[in-house]
Amino acid sequence: MEATAKAPMMKKRTFKVQNWVSPKSVVPQLGFSPLKSLGQNFLIEKPLLEYISEQANVEENDAIVEIGPGTGALTQHLIPYEVPTLCLELDKGLAAYLKQTYESPQLSILHGDVLAGKHDLHPELISYFMEQKKAGRGLKLISNLPYNILTPLLINLLKYLDLWHSGLFLVQKEFADRLMAKEGTKAYSLLSVIGTLFLKMERLKKVGRNCFWPAPSVESLIIRVSPTSNTPPKEEFILFLKALFIHRRKSLAKVLKQIAPQFQLDLFIEEHGLSSGLRAESLPPHLMLQLFNDIQKSSVST
Ligand code: SAM
């Protein structure tokens, strides 16, 4: 990589990459086509990549994890920060290309799946999170990943919410809508409940389809999320939400009869001034958590 201009040390550091290499030139050179199965819609607009790297708000004492770096379109804008950076890429060919192309003492490229099955993160990623925490570094996550892995990724990231500072994600609009949905709306889901309870969430910028190559069929936007709690959601709470949202249109009374028959829902309904035919999709996040806690207590005391 060509040398890049280094900005003076300030709290908010920004850099201009002089000889940025676009995915559009790298991919044909490597002799392959973007893979739909890996969601390979690469970012090809340099100003947008500059915007993303600036919005990451990387400070001197931070570390970065980039998930799905692809051909390094964004990585090139992160290297000048000169902070420990881990890039995790599932595509073997791209991971090998990145290793050969971007040598920097602070940069590590790891080939692998960010998810270990659906229920955890890649073990080396978890070790990296822990190392950075031990070293007193604030961890900034950055990613532009396929839709199908965003939900399991976020749920698994929440397990380690005490280990990372913030995440800048380029996501499909539908995902952002689900994450930030209010109760009673069509988009309200498990994701909305845990998002509201455990994260501060911001919509930063819409991203047009022509910023990608190949252009995707869905709208995208950049969001920032930051943990608001030091305690991760309990595994049982996630399972409870899953059970409730599978039957989102059924009355809570019917669903709880199956999963918590001992629980006196009428008392809960009365206490919180709710309607007796209440459905899961209408219960706000804080009452979802309250209901879960009350059910847990009731199962201990019976
Ligand atoms: N960040 C690059 C950019 O913006 O040009 C690439 C973005 S592309 C949408 C998604 C990248 O994530 C691809 O390089 C793909 O191979 C990688 N990827 C897909 N699934 C992954 C997974 N489970 N773990 C790690 N990387 C993954």
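## Cavities, pockets and buried residues

The second of the two cavities to be described here is lined by Leu78, Ile79, Glu82, Val83, Thr85, Ser104, Gln106 and Leu107, and its volume is about 30 Å³. The structure is a predicted model, in which local features need pLDDT of at least 70 and side-chain atom pairs count only at pLDDT 80 or more, whereas totals for chains, interfaces and linings use all residues. Residues are numbered from 1 along each chain as its sequence is written, and side-chain values use heavy atoms, with hydrogens and water left out.

On a 1 Å grid over the protein atoms alone, a cavity is a set of points where a 1.4 Å probe fits but cannot get out, while a pocket is an open set with protein on both sides within 12 Å along at least five of seven lines, and lining residues are those with an atom within 4 Å of a point. Grid points are joined across faces, edges and corners, and a volume is the space filled by probe spheres set on the points. With these terms, a search of the whole structure finds 2 cavities of 30 Å³ or more. The lining of the second largest cavity divides into 4 nonpolar, 3 polar and 1 charged residues, where Ala, Val, Leu, Ile, Met, Phe, Trp, Tyr, Cys and Pro count as nonpolar, Asp, Glu, Lys and Arg as charged, and the others, Gly among them, as polar.

The largest cavity, with a volume of about 50 Å³, has a lining of 10 nonpolar residues, with no polar and no charged ones. These lining residues are Leu150, Leu153, Leu154, Leu157, Phe169, Val171, Phe175, Leu179, Ile223 and Val225. At least two of them come from each of α6, β8, α7 (173–179) and β11 (220–227), the names denoting DSSP runs numbered from the N terminus, with helices (H or I) of at least four residues and strands (E) of at least two. The largest share, 4 residues, is that of α6.

Helix α6 therefore deserves a description of its own, and buried will mean under 20% relative accessible area, exposed over 50%, and partly exposed in between, with a 1.4 Å probe and protein chains only. The helix has 12 residues and reaches 18 Å from its first C-alpha to its last, close to the 16 Å expected at 1.5 Å a residue, the expected span being 1.5 Å times one less than the number of residues. Of its 12 residues, 10 are buried, among them Ile149, Leu150, Leu153, Leu154 and Leu157.

The same helix, α6 (147–158), also supplies at least two residues of the lining of the largest pocket, as do β1 (42–43), α2 (46–55), β2 (62–67), β3 (85–89), β7 (138–144) and β8 (166–172). This pocket has a volume of about 560 Å³ and is lined by 38 residues, of which Leu38, Gly68, Asn144, Leu145 and Pro146 lie nearest its centre. Its lining is made up of 22 nonpolar, 12 polar and 4 charged residues.

The second largest pocket holds about 370 Å³ of space, and of the 20 residues that line it, Gly39, Gln40, Asn41, Gln172 and Pro216 are the closest to its centre. Strand β8 gives the largest share of that lining, 3 residues, and the lining as a whole divides into 12 nonpolar, 7 polar and 1 charged.

Three individual residues complete the tour. Lys140, placed in strand β7, is buried with a relative accessible area of 4%. Its side chain makes a polar contact of 2.7 Å with the side chain of Asp62, and a polar atom of the Lys140 side chain lies 2.6 Å from the backbone oxygen of Asn57; a polar contact is a pair of N or O atoms within 3.5 Å, of which, within protein, one must be able to donate a hydrogen and the other to accept it, and residues adjacent in sequence count only if both atoms are side-chain atoms.

Phe129, in helix α5 (residues 123–134), is buried with a relative accessible area of 0%. Contact meaning heavy atoms within 4.5 Å, Phe129 is in contact, neighbours within four places in sequence aside, with Val65, Leu121, Leu139, Leu141, Leu157, Tyr160, Leu163 and Trp164. Phe129 and Trp164 are 35 residues apart in sequence, yet 7.1 Å apart in space, C-alpha to C-alpha.

Ser189, in the loop between α7 and α8 (190–198), counts as buried at 9% relative accessibility. Residues up to four places away in sequence not counted, Ser189 touches Arg178, Phe245 and Arg248.
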